Amino acid sequence: MIKKVAVLTSGGDAPGMNAAIRSVVLAAHHYKLQTIGFYSGYNGLIEDSSTPLTPASVNGIIHRGGTILKSARCPAMHTEQGLKLAAATLEKEEVDALIVIGGDGSFNGLLALNQHWTGRIIGIPGTIDNDIDGTDFTIGFSTAVNTGIEAIDKIRDTAEAFERIFIVELMGRRSGHITFNVGIACAAEQILSFENFSQDDEQEKLSHLAKEISRAQQNRHASYIIVIAENLWRGGATELARQLKETANIDCTACILGYIQRGGSPVAKDRILATKMGVAAVQELIAGNDKVMIGERNNQLLTVPLAVAVLHKEKVSENLVSAQENILALTAQ
Ligand code: ATP
């Protein structure tokens with residue numbers, strides 16, 4: 001029988017985390033469970049830094065980006081001592097179940113913690129990267145994509161006006177969900193992502209890009225936008241721009257969107273997804289479920305073993321990649 005639930009947000013912050021916290025707290029209150037929130041990811045467990053959470057404490061947060069519980073990386077969780085400290089805090093605070101809103105790293109942390117603590121654990125996928133298996137979308141992804149689109153639409157105006165070439169670098173760590181979706185939605189002339197490019201082919205790609213850009217310029221294409229995933233090209237967008245200048249005398253402006261993609265008010269899709277998942281997490285705990293993540297497939301909530309959620313087997317939709325590679329990129333020139 002569960003009496004006390006703890007919640008924390010971990011890893012990169014994602015728009016919609018607050019909506020998820022709110023819905024966990026409201027659902028727990030509904031089922032007469034006590035809720036506490038730990039601050040700053042797993043650091044809050046290690047340092048025993050927590051706050052009671054009531055419906056009043058989550059009032060007026062659904063529209064706010066970031067997370068009221070703060071988020072952080074916590075290197076100590078990679079050590080035996082850190083895991084034991086975290087487990088001891090949960091024991092001391094008499095927590096029966098821990099809900100972690102975060103990415104795959106956070107779920108690995110949860111599984112590691114579970115080796116030292118026997119309470120129930122549930123994950124809610126909160127990361128802009130969308131790189132978690134077993135769910136169509138993670139909380140924060142849709143907002144990040146919209147933010148990227150808005151930014152590139154603005155860059156496009158300048159690119160058109162000045163007849164310029166821009167290389168825009170997008171977040172996603174090792175996954176191309178943001179890059180591919182933003183690139184498609186902005187009608188980027190080129191999308192360079194993990195799904196269609198490998199670092200081994202840099203030289204070949206460089207000459208291909210130079211040819212494509214020259215062709216577009218001959219066709220009086222006013223603007224040209226290349227979107228590129230972070231951690232893909234050695235040296236990133238700035239280095240790619242430098243290489244295009246050096247090898248083909250092409251002037252490009254590199255633009256790294258960076259942290260702008262993580263913040264901001266969550267779009268409707270993220271607020272709604274987060275709210276559904278928060279309620280489901282509490283209901284799964286009450287139903288006796290353990291070591292699972294709440295996911296959503298085809299608009300249906302489901303549970304996925306945490307150990308499966310972190311496998312990184314799911315990739316960007318092949319339809320999207322092949323439409324870009326075989327049709328859009330070729331005919332838009
Ligand atoms: P995002 O995808 O937004 O970056 P994430 O949850 O994947 O989010 P990470 O930095 O990978 O972010 O992980 C968050 C935290 O989870 C780490 O700082 C660490 O405290 C914990 N963690 C990650 N992997 C492990 C692991 N193998 N063992 C123990 N703890 C871990």
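For sorting residues by class, Ala, Val, Leu, Ile, Met, Phe, Trp, Tyr, Cys and Pro count as nonpolar, Asp, Glu, Lys and Arg as charged, and the others, Gly among them, as polar. Keep that at hand for the exercises below, which work through a predicted model.

**Exercise 1. The shell around the ligand**

Task: Work out which residues come nearest to the ligand, and how many residues of each class its shell has.

Solution:
- Step 1. Start with the neighbours: there are 18 residues around the ligand, and Arg 73, Cys 74, Gly 105, Ser 106 and Arg 173 come nearest.
- Step 2. Now sort the shell by class: 4 residues are nonpolar, 10 are polar and 4 are charged.
- Step 3. Try the sorting on the nearest residues. Arg counts as charged, Cys as nonpolar and Gly as polar.

**Exercise 2. Polar contacts and cover**

Task: Find which atoms of Asp 104, Gly 105 and Asp 129 approach an oxygen atom of the ligand, then say where the ligand sits.

Solution:
- Step 1. Recall the cut-off: a polar contact is a pair of N or O atoms within 3.5 Å.
- Step 2. Take the side chains. Asp 104 places a polar side-chain atom 3.1 Å from a ligand oxygen, and a side-chain N or O atom of Asp 129 is 3.5 Å from an oxygen atom of the ligand.
- Step 3. Turn to the backbone: in Gly 105, a backbone N or O atom lies 2.9 Å from a ligand oxygen.
- Step 4. Add the cover. On its own the ligand has 620 Å² of accessible area, and the protein covers 85% of that.
- Step 5. Finish with the location: the ligand sits in the largest pocket.

**Exercise 3. Buried or exposed?**

Task: Decide whether Ala 20, Ile 99, Ala 76 and Asn 249 are buried, partly exposed or exposed.

Solution:
- Step 1. Set the limits: buried means under 20% relative accessible area, exposed means over 50%, and partly exposed lies in between.
- Step 2. Ala 20 belongs to helix α1, residues 17–30. Its relative accessibility is 0%, so Ala 20 is buried.
- Step 3. Ile 99 is part of strand β4, residues 97–102. Because its relative accessible area is 0%, Ile 99 is buried too.
- Step 4. Ala 76 lies in the loop between β3 (50–53) and α3 (80–92). With 28% relative accessible area, Ala 76 is partly exposed.
- Step 5. Asn 249 follows in the loop between α8 (236–248) and β9 (253–256). A relative accessibility of 56% makes Asn 249 exposed.

**Exercise 4. A loop asparagine**

Task: Describe where Asn 196 is found and which backbone atoms its side chain reaches.

Solution:
- Step 1. Place the residue: Asn 196 is in the loop between β7 (190–192) and α7 (202–218).
- Step 2. Check its cover. Asn 196 has a relative accessible area of 17%, so this loop residue is buried.
- Step 3. Follow the side chain of Asn 196. One partner is the backbone oxygen of Ile 191, at 2.7 Å; another is the backbone nitrogen of Ser 193, at 2.9 Å.

**Exercise 5. Phi angles and distances**

Task: State what phi is for Lys 70 and Asn 249, and how far apart Ala 20 and Ile 139 are in space.

Solution:
- Step 1. Lys 70, in the loop between β3 and α3, is not a glycine, yet its phi is positive, about 65°.
- Step 2. Asn 249, also a residue other than glycine, has a positive phi near 55°.
- Step 3. Ala 20 and Ile 139 are 119 residues apart in sequence, with their C-alpha atoms 8.5 Å apart.
- Step 4. For another pair, take Ile 99 and Gly 235: they are 136 residues apart along the chain, and 37 Å separates their C-alpha atoms.

Methods: Residues are numbered from 1 along each chain as its sequence is written. This is a predicted model: local features need pLDDT of at least 70, side-chain atom pairs count only at pLDDT 80 or more; totals for chains, interfaces and linings use all residues. Side-chain values use heavy atoms; hydrogens and water are left out. A residue is near a molecule or strand if one of its heavy atoms lies within 4 Å of it. A polar contact is a pair of N or O atoms within 3.5 Å; within protein, one must be able to donate a hydrogen and the other to accept it, and residues adjacent in sequence count only if both atoms are side-chain atoms. Accessible areas come from the Shrake-Rupley method with a 1.4 Å probe; for residues, only the protein chains shown count as cover. On a 1 Å grid over the protein atoms alone, a cavity is a set of points where a 1.4 Å probe fits but cannot get out, and a pocket is an open set with protein on both sides within 12 Å along at least five of seven lines; lining residues have an atom within 4 Å of a point. A molecule sits in a cavity or pocket if more than half of its atoms lie within 2 Å of its grid points. Helices (H or I, at least four residues) and strands (E, at least two) are DSSP runs, numbered from the N terminus. Buried means under 20% relative accessible area, exposed over 50%, partly exposed in between (1.4 Å probe, protein chains only).
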